[in-house]
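Thanks for coming. I have one structure to go through today, and I will keep to the ligand site and the empty space inside the protein.

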Amino acid sequence: MIKLLNYVIFPVHKPDFYRLEQRLLHKTILITGASYGIGEALCHLLADIECQLILVARTSDKLQSIQMLLSAKKAKIKIFSVDLREPRQLDNLISYLQAFRVDILINNAGISICRPIMQSLDRMHDFERTIKLNYFAPVKLCLALIPRLRQCRGQIINVSAINVLLTPTVNWAAYQASKTAFDQWLRCASAELEKQQIKVSTAYLPLVKTRMIESTKAYRRFPALQPVQAAIIISHLLLTQKRHYKPWWTIIGQIASVIFNGVWFKLNLYYIKRKL
Ligand SMILES: NC(=O)c1ccc[n+]([C@@H]2O[C@H](COP(=O)([O-])OP(=O)(O)OC[C@H]3O[C@@H](n4cnc5c(N)ncnc54)[C@H](OP(=O)(O)O)[C@@H]3O)[C@@H](O)[C@H]2O)c1
């Protein structure tokens, strides 16, 4: 039953591999957050293509094991371990990238925090770490790479969340504010970037079964994509360079967000009261 529900809610089909291969042949693709979850699944998906993947994340052991595992595949894999929240480390990554022609930036690294405001009164650092990773880091990377992306008519793909298009939900202030910030930044920039021959695509993903959602008990029963399905969605954006991916039911959610805004607010209140 869950399988059928997942199939209806998240119909995901593999793209034509030959066309994907032609599109990415000899391209250099930078993937942030490549060590786990969606980023890791994407590395496996693209490894059969003759291209260069630059994998970025903090956990160097994990990056090394992915590099080893994929060493017999067609893609050439480079790894760079960095905490993207740290300005100096981010600068080191940008210097390292000078040696490459980066054709595609996939902004995927992210953290989420699910915590009520009343439990966050002494936790300003939650808001700082989400904004640093989910907003400042991709902005800085984009600013550094735009000149080179322009030269090679490149692409920026942002791995975003469907939540940024819907009514805000209780407990997700830090995460949603930071994801929305970069989504807005990129949407503001996208016409200018398009004029510079840089394509901009956003994957507005629903829930994906990765370690990111493991600690949120309520999500264990929710239908969710598998990481490989999310990677397939990103590969469609690589192939088609479309402006965005959203699940087909997003429009229903958006209309409901407007019409039932008050009801949703009351549901949030009810949820908080039950938790107290
Ligand atoms: N899972 C979902 O339900 C869902 C839904 C919609 C959108 N998304 C988005 O999908 C993206 C990937 O998330 P995921 O679900 O695959 O989560 P994940 O399994 O936790 O992976 C997150 C990735 O980001 C990297 N990362 C975290 N903090 C970092 C830092 N300070 N510096 C550098 N890299 C860092 C992690 O590597 P290290 O820990 O090794 O640094 C890891 O590779 C995120 O942008 C998330 O917002 C997820």
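I will start with the ligand, move on to one lysine, and end with the cavities.

Please keep in mind that this is a predicted model.

First, the ligand. Which residues come nearest to it? Of the 30 residues around the ligand, the nearest are R58, T59, Y175, V208 and T210. By class, this shell has 17 nonpolar, eight polar and five charged residues. As for the elements behind it, α3, which spans 37-46, gives at least two residues to the shell, and so do β5, α7 and α8, the last of these being 211-214.

Now the polar contacts. T59 has a polar side-chain atom 2.4 Å from an oxygen atom of the ligand. For Y175, a polar side-chain atom and a ligand oxygen are 2.6 Å apart. S35 also takes part, with an N or O atom of its side chain 2.8 Å from an oxygen atom of the ligand. How much of the ligand does the protein cover? On its own the ligand has 880 Å² of accessible area, and the protein covers 97% of that.

S35 brings me to the lysine. K62 sits in helix α4, residues 60-69. A polar atom of the K62 side chain lies 2.8 Å from the backbone oxygen of S35. So S35 has its side chain at the ligand and its backbone oxygen at K62. Leaving out residues up to four places away in sequence, K62 touches S35, Y36 and E40.

Next, the empty space. Rolling a probe the size of a water molecule over the atoms shows where empty space is left. How many cavities of 30 Å³ or more are there? The count is two.

The largest cavity holds about 40 Å³ of space. The residues lining the largest cavity are N107, A109, L133, N134, N158, V159, S160, K179, F182 and D183. Two or more of the lining residues come from each of α6 (124-151), β5 (155-161) and α7 (173-195). Sorted by class, that lining is four nonpolar, four polar and two charged residues.

The second largest cavity has a volume of about 30 Å³. Its lining consists of I113, R115, I117, S120, D126, F127, A173 and A174. Here α6 and α7 each provide at least two residues. The class split for the second largest cavity is five nonpolar, one polar and two charged.

To close, two elements deserve another look. Helix α7 supplies at least two residues to the ligand shell, and two or more to the lining of the largest cavity. Strand β5 also gives at least two residues to the shell and two or more to the lining of the largest cavity. That is what I have.

How values were computed. Residues are numbered from 1 along each chain as its sequence is written. This is a predicted model: local features need pLDDT of at least 70, side-chain atom pairs count only at pLDDT 80 or more; totals for chains, interfaces and linings use all residues. Side-chain values use heavy atoms; hydrogens and water are left out. On a 1 Å grid over the protein atoms alone, a cavity is a set of points where a 1.4 Å probe fits but cannot get out, and a pocket is an open set with protein on both sides within 12 Å along at least five of seven lines; lining residues have an atom within 4 Å of a point. Grid points are joined across faces, edges and corners, and a volume is the space filled by probe spheres set on the points. Helices (H or I, at least four residues) and strands (E, at least two) are DSSP runs, numbered from the N terminus. Ala, Val, Leu, Ile, Met, Phe, Trp, Tyr, Cys and Pro count as nonpolar, Asp, Glu, Lys and Arg as charged, and the others, Gly among them, as polar. A residue is near a molecule or strand if one of its heavy atoms lies within 4 Å of it. A polar contact is a pair of N or O atoms within 3.5 Å; within protein, one must be able to donate a hydrogen and the other to accept it, and residues adjacent in sequence count only if both atoms are side-chain atoms. Accessible areas come from the Shrake-Rupley method with a 1.4 Å probe; for residues, only the protein chains shown count as cover. Contact means heavy atoms within 4.5 Å.
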